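Thanks for sharing this one. Here are a few notes to read alongside the model, beginning with a strand pairing.

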Amino acid sequence: MRTPPRRAVLGASIAVAGTGILAARSVSDSQTDHSGHGGSTAGGPKGYVDPAGPEVAAAEQRRAVSGGTVRTVRLTAAETRLDLGERTVRSWSYGGDLPGKEIRVTAGDTLALTLANHLPDSTSMHWHGVALRNDMDGVPDLTQGPIAPGAEFAYRFKVPHPGTYWFHPHAGVQLDRGLYAPLIVDDPREPLKYDKEWVVMLDDWVDGVDGSTPDAVLDELGGGMGGGMGMGGSLSHTSMRVKGSASPSPSGPSRVLTGAHSDLLGGDPGDVAYPYYLVNGRTAKAPSVFRARPGDRIRIRFVNAGGDTAFRVALGGHELTVTHTDGYPVLPAKGDALLIGMGERYDVVVTAGDGVFPLTALAEGKEASTMAVLRTGGGTAPPDSARPGELDGRLLAAHKLKVDPSVALERKDPDRTIDLLLTGSMARCDWAFDRQPYTPSQRHPVRAGERVRLRFQNRTAMWHPLHLHGHTFALARSADGPRKDTALVLPRGTLTVDFDADNPGLWMLHCHNVYHAEAGMMTVVGYLS
């Protein structure tokens with residue numbers, strides 16, 4: 001037994017990008033302070049901490065620990081062909097891989113990653129869940145300038161907390177291409193005992209399939225559902241259909257999901273009918289295979305990298321023990337299946353049986369699934385349609401978990417409460433907070449040192465996974481709510497979370513449905529200077 005250690009808009013300052021790499025780098029240089037860190041390009045109201053200001057530098061210094069090493073990585077984002085198993089598509093990825101290659105560091109290390117943009121559009125890189133310095137958070141026009149085609153950006157930051165994280169662009173709907181990869185932060189004092197580790201990234205896939213792209217899907221959703229309803233009949237919760245799917249266009253067939261329903265998600269499960277669903281970049285017809293021995297204790301790190309899909313996952317013939325969510329430990333909870341929203345992560349431990357077992361990921365409410373395979377012995381691989389009974393067994397989700405006392409927030413009343421209404425509809429694709437579509441100048445003020453309460457009231461008929469950058473919060477339904485950075489709020493429901501304002505800067509708060517975010521369901525929590 002061992003213990004393993006919104007679409008980005010180019011401003012006038014980067015209009016010269018067409019002149020090539022030198023011009024792009026000169027822009028990057030003009031946005032860099034004396035420490036070599038990129039500064040904010042956002043205007044916005046005065047009186048707030050600058051993402052590259054002294055408060056941010058001081059917070060980073062406080063994160064410094066003795067003994068940490070520097071992990072240096074160079075990564076290229078580029079167009080490429082990707083093999084999904086049953087077909088090959090042209091898309092974008094990191095290093096030509098799907099998912100991108102895992103980056104692994106130890107808590108306390110410094111990650112120094114240079115991203116070279118060989119894409120036809122500007123991009124960025126966001127480190128989902130990491131409490132990092134603000135100017136490295138990767139939000140174009142807020143914490144940094146967009147990385148123009150042909151340019152590079154050097155990300156460098158301390159990685160303070162162990163856990164399961166991941167990285168992806170924060171530019172338009174690029175996340176719904178192949179630009180994502182896991183970031184695993186080992187705990188130098190890891191208390192969890194296990195023999196093997198399996199990183200499982202779940203995804204919904206449309207890019208490059210029959211002419212479809214995420215941008216075309218966004219444009220179609222922006223056209224709303226009203227016209228489609230007039231052409232194709234009525235919605236039904238008992239018969240899911242894809243509007244106009246038999247009528248391909250230069251941007252591919254319609255990908256609008258209609259008539260789908262999920263009791264678990266309170267109604268509509270999403271907006272997009274994807275042609276494929278993936279586990280570690282592969283479809284169920286040609287699944288990825290993880291090999292272990294009977295009796296091995298396997299730590300499975302689940303990451304939902306999807307754009308519009310919640311997944312219900314189960315490992316046939318096995319009980320799951322959830323040990324962590326969003327990087328933070330919880331009291332161990334046993335169950336048969338797990339519901340994972342976009343952006344969420346869960347760590348589970350299983351004791352491997354003897355044979356061949358399907359790890360099935362059900363696209364919740366979308367009448368589709370995918371899978372990977374756990375193989376510990378001989379036998380025939382399960383069929384691609386395998387649906388283990390565990391999927392209908394004891395279901396685990398964040399609201400059923402309790403925080404491990406070692407990471408629980410101190411119990412105290414909030415110093416400040418921020419109320420946010422979730423507004424919009426699929427008919428208009430006008431998703432927003434408080435009916436105000438996102439602009440980089442938005443601010444919800446907080447002060448360093450405060451305990452802040454966020455109260456979300458979902459006035460919409462859709463569920464939303466809500467993500468706060470640079471912090472973790474506690475689900476405030478009880479004193480023992482788990483620590484999270486991404487949490488689900490159901491239709492017409494409420495969500496209350498508390499966090500400590502201990503990481504100064506300008507931080508995005510948004511729905512992690514990439515199409516809702518790009519439509520406008522994003523805002524900024526800003527530290528007062």
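1. Trp-166 has Pro-182 in S8 as its bridge partner. Strand S7 (residues 163-168) and strand S8 (residues 181-186) run antiparallel, paired over five bridges. Strands here are DSSP runs of E, at least two residues, numbered from the N terminus, and two of them pair if DSSP finds at least two bridges between them.

2. A word on the basis: this is a predicted model, where local features need pLDDT of at least 70 and side-chain atom pairs count only at pLDDT 80 or more, while totals for chains, interfaces and linings use all residues. Residues are numbered from 1 along each chain as its sequence is written, and side-chain values use heavy atoms, leaving out hydrogens and water.

3. S7 and S8 belong to an open, mixed sheet of four strands in the order S3-S8-S7-S5. Its edge strands, each pairing on one side only, are S3 (103-106) and S5 (126-128).

4. The largest nonpolar core (buried Ala, Val, Leu, Ile, Met, Phe, Trp, Tyr and Cys residues joined through side-chain atoms within 4.5 Å; buried is under 20% relative accessible area with a 1.4 Å probe, protein chains only) has 133 residues. Trp-127, Tyr-155, Leu-183, Leu-338 and Phe-456 have the most contacts inside it. Strand S9 (residues 196-205) gives the largest share, six residues.

5. What does Leu-338 touch? Not counting residues up to four places away in sequence, its contacts (heavy atoms within 4.5 Å) include Phe-302, Phe-311, Tyr-346 and Leu-396.

6. A second, separate core has nine residues, among them Tyr-438, Leu-506, Met-508 and Met-522.

Conventions: Buried means under 20% relative accessible area, exposed over 50%, partly exposed in between (1.4 Å probe, protein chains only).
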